[in-house]
Amino acid sequence: MPKVRTAVLISGRGSNMVSLVEASKAKDYPADINLVISNKPNAAGLSKAKDLGVMALAIDHTDFSNRREFETALDAVLREAKTELICCAGFMRVLTPWFVSRWEGRLLNIHPSLLPKYKGLNTHQRALEAGDSEHGCTVHYVTAELDGGDTILQHKIDILENDTPETLSSRLLPLELTLFPKALSIVAKTYRT
Ligand code: GRF
């Protein structure tokens with residue numbers, strides 16, 4: 001069975017993308033990362049992807065006059081590459097219902113909270129302010145509702161007494177890096193069945 005052709009969308013440093021690419025190089029991993037696209041031309045992740053031998057390019061959202069035009073260009077590049085699944089990994093653009101409907105069920109995102117808690121930004125700060133005892137990360141399907149699609153996998157950590165947004169973020173990142181490849185593997189395994 002050929003590996004499922006997967007694109008990763010990024011906006012920044014790309015550590016989740018690197019983890020997905022490295023996992024996908026295993027012979028028995030069911031997905032292959034063929035393409036990395038950043039909406040920011042200066043994203044550090046672009047050169048990391050190229051160093052790993054993956055085609056990487058920027059589609060700068062500021063070159064377009066509205067979201068729909070940006071997403072039309074993004075959609076065209078993804079289809080040209082014969083993309084089957086898309087992973088949003090630190091991709092900081094909200095996708096419109098138009099784009100989501102074209103890829104629904106094939107579009108995954110990683111979010112740094114225990115969804116449905118703390119959709120949107122500043123998740124570590126919000127978990128601390130709420131006095132939560134647990135925090136975590138979630139890989140979920142993308143739907144038209146921001147951070148609202150079905151959960152694929154979740155990982156929990158305890159919040160410690162002296163945690164700050166920074167300590168929480170740095171304790172969570174290694175868990176994100178293992179969670180996303182596991183979730184993609186689950187989705188890719190069932191993709192052709
Ligand atoms: C991750 O914490 C992800 O959960 C969040 O943005 C961060 C992206 O980091 N949405 P990176 O670009 O994968 O290093």
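These notebook entries record what I looked up in a predicted model.

**Entry 1: the ligand site**

I began with the ligand and asked in which pocket it sits. The ligand occupies the largest pocket. I then listed the residues that surround the ligand: Arg13, Gly14, Ser15, Asn16, Gly90, Ile110, Pro112 and Glu176. I sorted this shell by residue class and noted 2 nonpolar, 4 polar and 2 charged residues.

**Entry 2: polar atoms around the ligand**

Next I looked up distances from oxygen atoms of the ligand. For Arg13, an N or O atom of the side chain is 2.5 Å from a ligand oxygen. For Glu176, a polar side-chain atom lies 2.7 Å from an oxygen atom of the ligand. For Asn16, the partner is a polar backbone atom, and the distance to a ligand oxygen is 2.8 Å. I also looked up how much of the ligand is covered. Taken alone, the ligand exposes 370 Å², and the protein buries 84% of that area.

**Entry 3: salt bridges**

How many salt bridges does the count give? I recorded 7 salt bridges. I chose the pair of Arg102 and Asp75 for a further look; the closest N and O atoms of this salt bridge are 3.0 Å apart. I then asked which parts of the chain this pair ties together. Arg102 belongs to helix H4 (residues 97-103) and Asp75 to helix H3 (residues 67-80), so the salt bridge links parts that are 27 residues apart in sequence.

**Entry 4: the backbone at Pro116**

I turned to the backbone and asked whether the peptide bond from Leu115 to Pro116 is cis or trans. I found that this bond is cis, with omega near 15°. I placed Pro116 in the loop between strand S5 (107-111) and helix H5 (123-129).

**Entry 5: the backbone at Lys82**

Is the phi of Lys82 positive or negative? I noted a positive phi of about 55° for Lys82, although this residue is not a glycine. Where does Lys82 lie? I located Lys82 in the loop between H3 and strand S4 (85-88). Helix H3 is also the helix in which I had found Asp75, the partner of Arg102.

How values were computed: Residues are numbered from 1 along each chain as its sequence is written. This is a predicted model: local features need pLDDT of at least 70, side-chain atom pairs count only at pLDDT 80 or more; totals for chains, interfaces and linings use all residues. Side-chain values use heavy atoms; hydrogens and water are left out. A residue is near a molecule or strand if one of its heavy atoms lies within 4 Å of it. A polar contact is a pair of N or O atoms within 3.5 Å; within protein, one must be able to donate a hydrogen and the other to accept it, and residues adjacent in sequence count only if both atoms are side-chain atoms. Accessible areas come from the Shrake-Rupley method with a 1.4 Å probe; for residues, only the protein chains shown count as cover. On a 1 Å grid over the protein atoms alone, a cavity is a set of points where a 1.4 Å probe fits but cannot get out, and a pocket is an open set with protein on both sides within 12 Å along at least five of seven lines; lining residues have an atom within 4 Å of a point. A molecule sits in a cavity or pocket if more than half of its atoms lie within 2 Å of its grid points. Ala, Val, Leu, Ile, Met, Phe, Trp, Tyr, Cys and Pro count as nonpolar, Asp, Glu, Lys and Arg as charged, and the others, Gly among them, as polar. A salt bridge is a side-chain nitrogen of Lys or Arg within 4 Å of a carboxyl oxygen of Asp or Glu. Helices (H or I, at least four residues) and strands (E, at least two) are DSSP runs, numbered from the N terminus.
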